[in-house]
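Trainee: I should like to go through this structure with you, part by part. May we begin with how one of its chains is divided?

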Amino acid sequence: MPDTQALVNDFLNKLKKRKIEGSQATAKQTAELLRSVISQTRMPYTNQASALIHSVKAVGERLIAANPVELAVGNVVRRVLHIIREEDLSLTTAAMAGLNLSAESDDEDDTDRDNHPALSAAAIAAASRSTLRPPSLQTLLEDVPDSAAVPHTSSSGGDSEGKSKSADKSSRSRKLKHDVIEAVNELIQDISTCRELIAEQAVEHIHQNEVILTLGSSRTVLEFLCAAKEKKRSFRVFVAEGAPRYQGHLLAKELVTRGLQTTLITDSAVFAMISRVNMVIVGAHAVMANGGVIAPVGLNMVALAAQKHAVPFVVLAGSHKLCPLYPHHPEVLLNELRSPSELLDFGEFSDCLDFGSGIGAPLLHVVNPTFDYVPPKLRRA
Amino acid sequence: MGAQKKGATARVSEDPEELARHPLQAILLADSFTTKFRPITLERPKVLLPLVNIPMINYTLAWLESAGVEEVFVFCCAHSKQVIDYLESSEWSSQPNFSVTTIESHNSISAGDALRLIYERNVIHGDFVLISGDTVSNMSLTQALQEHKDRRKKDANAIMTMVVKQSKPSPITQQSRLGTDELFMAINPVTKQLLYYEDKAEYSKGFISLDKTLIADNPSVILHNDKQDCYIDICSQEVLSLFTDNFDYQHLRRHFVKGLLVDDIMGYKIFTHEIHSSYAARIDNFRSYDTISKDIIQRWTYPFVPDVLCGSSAIKVERQGTYRASDVTLSRSAQLGSFIFIGQGTKIGNDTKISHSVIGERCTIGSNVTIEGSYIWNNVTIEDGCQLRNAIVCDGVILKSGAVLQPGVILSFKVVVGQQFVVPAYSKVSLLQQPTQQDSDEELEYADSTSGTGELRSDKLNGDIAPDLSEIASELGTGGVGYIWKVFEGAYDEEWRHSVAPIPTDKLVKLMLDRDEDEELLTQDGNIISASGELKTDSDGNGSEDDDNEDSRDDYVSFEKEVEATFLRAVHENVKVDLAVLEVNALRLSYNMASVDCGGAIFYSMMKLAVESPHNSASELHRNAADIVTTWQKLLKSFLHDIDEEIEVILKFEEMCLESAKEFAALFPQILHLLYDKEILQEDAILRWADEKEGADESDKVFLKRSEKFIQWLREAEEEEEEEDE
């Protein structure tokens with residue numbers, strides 16, 4: 001499959017060069033890439049699921065290594081693996097149901113048995129629904145035990161698969177692939193519509209005449225606010241500009257064109273303004289397993305200010321941002337240090353950076369981290 | 001890239017020029033055609049030298065790739081085999097949408113030859129990026145390319161766009177932070193056309209000369225000395241044919257750019273594109289190697305930083321700018337300072353201190369080693385107790401225990417330094433013997449880098465080393481292997497300019513003193529007021545280290561200098577006293593000074609002139625001073641309206657005798673007398689000065705004591721007068 005190989009390399013390159021911005025775009029592209037990997041994988045007769053898992057894992061590991069800071073890649077890879085296992089399980093149970101059905105003709109008195117497959121099918125349906133449900137933090141929490149349970153049943157499914165040497169294997173193998181691709185399609189759909197899904201809940205959170213504060217720019221936040229606006233809620237928004245990239249300026253512009261009453265403030269004014277704010281709504285880069293949030297730099301300060309004034313602090317994140325990892329030393333290890341040129345003009349400071357004189361070592365250090373880690377205790381939902 | 005593809009698909013509607021659109025091409029010169037990196041470049045081409053542990057050419061290629069270049073022609077000359085082998089084995093040979101083609105040559109001795117050869121190959125079909133393989137950048141080409149194309153449409157003679165970046169040169173050493181000489185460029189601020197380019201200004205002369213027509217033809221010209229040439233050029237095809245037509249063009253800047261600027265027959269124009277937030281710089285010498293390494297570690301070149309370039313799993317950035325590979329063996333007691341890089345498989349022993357350094361892969365570093373500001377490449381062994389400061393240590397070097405590298409040392413491949421041996425500062429050590437000195441002829445400087453290296457390499461490696469080993473062992477201590485290269489005459493005092501080590505303080509102090517003198521010369525020349533004027537204020541503004549930090553003081557110093565320049569001009573050109581008075585007055589107004597300051601400043605310049613004019617003895621000096629004072633007394637007088645101003649002059653003189661012109665110290669009373677005789681100073685002023693000084697510290701009274709006799713005489717004369725009156 002030279003075609004997918006090229007695609008993978010291309011994507012790897014983009015990830016490495018930091019050419020894809022935003023976790024949604026990354027997540028979507030990852031899912032699309034994995035879909036093509038799956039469709040190109042040659043299916044063996046036995047153990048198709050493990051073959052798929054193997055190829056997805058191989059690609060996934062490389063993708064994750066290309067930019068370990070972009071957690072969305074890893075999340076999507078894990079989701080796809082989950083989908084494969086799940087589909088495999090549902091197929092084997094269906095096959096088992098077929099077997100049961102044939103057995104049923106022999107033993108007619110067995111009503112319990114008849115119940116059993118139906119029940120397991122229902123459980124599978126529930127499990128699959130839970131992954132496809134509109135993502136929110138609550139579903140994540142429900143999700144965790146689910147996804148833990150599924151691999152367990154899938155292994156037992158594998159056992160039963162070994163026992164049942166059914167004849168319709170070729171059709172099943174095609175079916176597995178087909179189903180997986182279908183499910184991945186749904187995942188892609190999910191990722192691309194997550195904003196709308198989140199925005200749907202806007203009215204429940206934003207009340208009449210409230211003051212909302214946000215920092216930097218997040219498309220999710222923008223859609224969320226606009227959705228509330230469309231529902232005829234009238235409220236005001238404070239936008240902290242989000243130094244050093246000042247994406248807050250763009251957000252403010254965007255909000256104004258949509259007819260929202262907007263106030264732009266500097267990041268350092270957040271603490272002064274927070275007492276007038278009813279709710280802080282921000283986007284995130286990733287949500288960790290402990291509930292901590294990796295978010296654009298400056299958010300930890302906003303969260304602290306919100307806590308001090310007992311203002312609800314709400315983080316909006318699509319399901320692809322929910323990461324099952326526990327953060328260890330996130331300020332450094334899950335951070336990306338960008339170029340100092342975003343902070344200051346090289347030309348103006350070039351004489352401070354002359355290593356030819358003085359001690360020969362830079363006296364001026366410029367640190368430009370991209371992310372902040374907001375510990376879970378500062379978050380409201 | 002996207003724009004290019006669109007151009008290819010949506011051809012129909014576009015004009016014929018768009019039809020001829022080609023994928024963006026680049027020519028990468030993998031040979032610098034200089035000898036600055038010797039002795040290292042005798043064994044390995046410069047582009048493959050590791051820069052923060054990644055070969056330089058990788059930075060260039062990665063940038064070209066990300067900037068949307070689709071086809072790169074790598075021109076290799078010296079060590080072409082190594083470059084080609086490297087590129088073939090690297091990831092670059094298998095990139096989609098990015099092809100790397102090598103062009104090999106064995107007889108090119110300059111960039112000009114290289115471009116002529118590429119022209120013959122006929123591979124370039126449109127605009128191309130010309131870059132050398134030692135350039136690090138993260139700029140986006142889109143805008144520069146667009147500007148270039150737009151200009152081309154309007155004016156077919158706009159054949160080249162040079163990328164420049166602001167970077168202030170050091171006012172003291174007159175070199176940029178990259179160790180290159182201060183660069184002067186005259187640019188039309190509206191059209192961005194480059195009008196003048198001079199990278200080898202004569203500081204001894206202290207001025208640069210611009211063509212008259214240049215100023216006549218352009219409504220406004222800005223002369224920059226704070227721009228850095230990034231050596232990234234966007235060129236049209238004509239550039240190649242121009243090189244072919246002018247077979248004497250060798251150097252890209254010295255010949256080609258200057259040639260085009262001077263030549264007004266063809267009317268070709270060069271434009272500039274200034275980048276602000278992005279980074280671009282070329283490694284031209286050891287100093288820039290050091291500077292750019294530090295810039296990379298400080299992430300100015302993001303996303304072309306080690307942790308991103310080599311796949312982040314291998315190298316992690318930690319706090320304080322520490323880059324560490326995953327499998328470094330580090331002793332618990334080792335102290336790692338800020339801004340360091342440690343490559344894979346390196347072992348570091350107990351109590352070793354490392355700061356501001358790059359350490360390559362698989363190095364073994366013993367205990368109690370101190371490494372500061374050094375660049376250590378791969379597979380280096382450093383035994384216990386060594387000390388390294390601002391050195392470059394190439395692959396496979398062994399430092400036996402207790403060896404010391406003083407600042408600026410370069411150890412080439414596989415050198416062994418003996419126990420306890422101290423390698424003196426700025427020495428270059430190699431296993432290869434130094435090639436015999438070439439003529440200092442400009443042309444040959446390029447010639448020997450290629451023709452010389454090839455032969456030398458084969459000769460030396462084929463067996464010359466073995467018999468020599470015993471003989472040279474002594475040169476690097478017991479057990480040491482390698483030759484210490486001699487520094488050629490004349491080159492020695494330039495060594496520190498381009499070294500990895502920071503400039504020693506004593507050099508800076510010396511330069512600072514020199515500069516003061518230079519500046520006098522600079523202002524003395526009245527013909528290029530605009531240029532020198534700007535330069536002067538520029539350097540004054542920057543040179544706050546040596547001047548007092550206070551603004552007023554700064555102002556006064558520059559005012560004093562202006563006055564001095566005016567005065568000198570008046571002397572040399574026999575300007576009438578009235579005119580000189582007028583000029584000084586104008587200066588006084590423009591600097592917002594009191595006439596007190598004028599008197600002081602004029603007197604200062606007069607005395608300085610006296611000191612500087614030739615004299616053998618004190619009496620001759622006295623005569624000099626007397627002459628000058630006699631000639632110019634009217635000038636001085638016109639600024640001394642009252643006693644306070646006269647006292648100021650005396651104080652100034654005292655100050656001079658203490659500081660700048662100590663020769664006068666002995667002559668103090670005589671000069672005072674002279675001034676009195678010439679009626680420049682009234683006796684009241686002198687007496688009041690004496691009274692004021694009575695109460696001062698002992699140390700302040702030196703001159704008072706010296707002139708005691710004179711003052712005594714004055715007092716007596718006064719009394720006599722009074723008596724007579726009665």
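Mentor: Domain bounds come from an automatic or database domain assignment. Please keep in mind throughout that this is a predicted model.

Trainee: Which residues form domain 1 and domain 2 of chain A?

Mentor: Each of the two domains is given as two segments of chain A. Domain 2 takes 206–328 + 369–378. Domain 1 is assigned 1–96 + 173–197.

Trainee: How far apart are the C-alpha centres of these domains of chain A, and how many residues does each give to the contact?

Mentor: The C-alpha centres of domain 1 and domain 2 of chain A are separated by 31 Å. The contact between them draws on 17 residues from domain 1 of chain A and 16 residues from domain 2 of chain A.

Trainee: Which three residues supply the most of the area that domain 1 of chain A buries against domain 2 of chain A?

Mentor: The size of an interface is often given as the accessible area lost when the parts come together. Between domain 1 and domain 2 of chain A that area is about 1300 Å², with 57% from carbon and sulfur atoms. On the side of domain 1, 42% of the buried area is supplied by three residues, more than by any other three: A:L71, A:N75 and A:R195.

Trainee: How many salt bridges and how many residue pairs in polar contact lie between domain 1 and domain 2 of chain A?

Mentor: The salt bridge count across this interface of chain A is zero. For polar contacts between domain 1 and domain 2 of chain A, the count is three residue pairs.

Trainee: Which element gives the most residues to the side of domain 1 of chain A that touches domain 2?

Mentor: Elements of chain A giving two or more residues to that side are α2 (23–40), α4 (71–106) and α7 (169–200). The residues of that side of domain 1 of chain A divide into seven nonpolar, three polar and seven charged. With six residues, the element that gives the most is α4(A).

Trainee: Turning to the two chains, which residues of chain B lose the most area to chain A?

Mentor: Here 38 residues of chain B are in contact with 38 residues of chain A. The area buried between the chains is about 3600 Å², and carbon and sulfur atoms give 56% of it. Together accounting for 20% of what the side of chain B buries, the residues that lose the most are B:R177, B:W300 and B:Y302.

Trainee: Which side chains meet in a salt bridge between chain B and chain A?

Mentor: The interface of chain B and chain A holds seven residue pairs in polar contact and one salt bridge. With an N to O distance of 3.8 Å, the side chains in the salt bridge are those of B:K168 and A:E348.

Trainee: Which element gives the largest share of the side of chain B that touches chain A?

Mentor: In chain B, α3 (56–66), β8 (158–166), α10 (286–297) and β15 (315–318) each supply at least two residues of that side. The largest share is five residues, and the element that gives them is α10(B).

Trainee: Finally, why does B:V422 count as partly exposed?

Mentor: B:V422 lies in strand β33 (residues 422–423) of chain B. Beyond its neighbours within four places in sequence, B:V422 is in contact with B:V404 and B:Q406. B:V422 counts as partly exposed because its relative accessibility is 40%.

Technical notes:
Residues are numbered from 1 along each chain as its sequence is written. Chains are lettered from A and ligands numbered from 1 in the order in which they are written. This is a predicted model: local features need pLDDT of at least 70, side-chain atom pairs count only at pLDDT 80 or more; totals for chains, interfaces and linings use all residues. Side-chain values use heavy atoms; hydrogens and water are left out. Contact means heavy atoms within 4.5 Å. Buried area is the accessible area (1.4 Å probe) that two parts lose on being put together, summed over both. A salt bridge is a side-chain nitrogen of Lys or Arg within 4 Å of a carboxyl oxygen of Asp or Glu. A polar contact is a pair of N or O atoms within 3.5 Å; within protein, one must be able to donate a hydrogen and the other to accept it, and residues adjacent in sequence count only if both atoms are side-chain atoms. Helices (H or I, at least four residues) and strands (E, at least two) are DSSP runs, numbered from the N terminus. Ala, Val, Leu, Ile, Met, Phe, Trp, Tyr, Cys and Pro count as nonpolar, Asp, Glu, Lys and Arg as charged, and the others, Gly among them, as polar. Buried means under 20% relative accessible area, exposed over 50%, partly exposed in between (1.4 Å probe, protein chains only).
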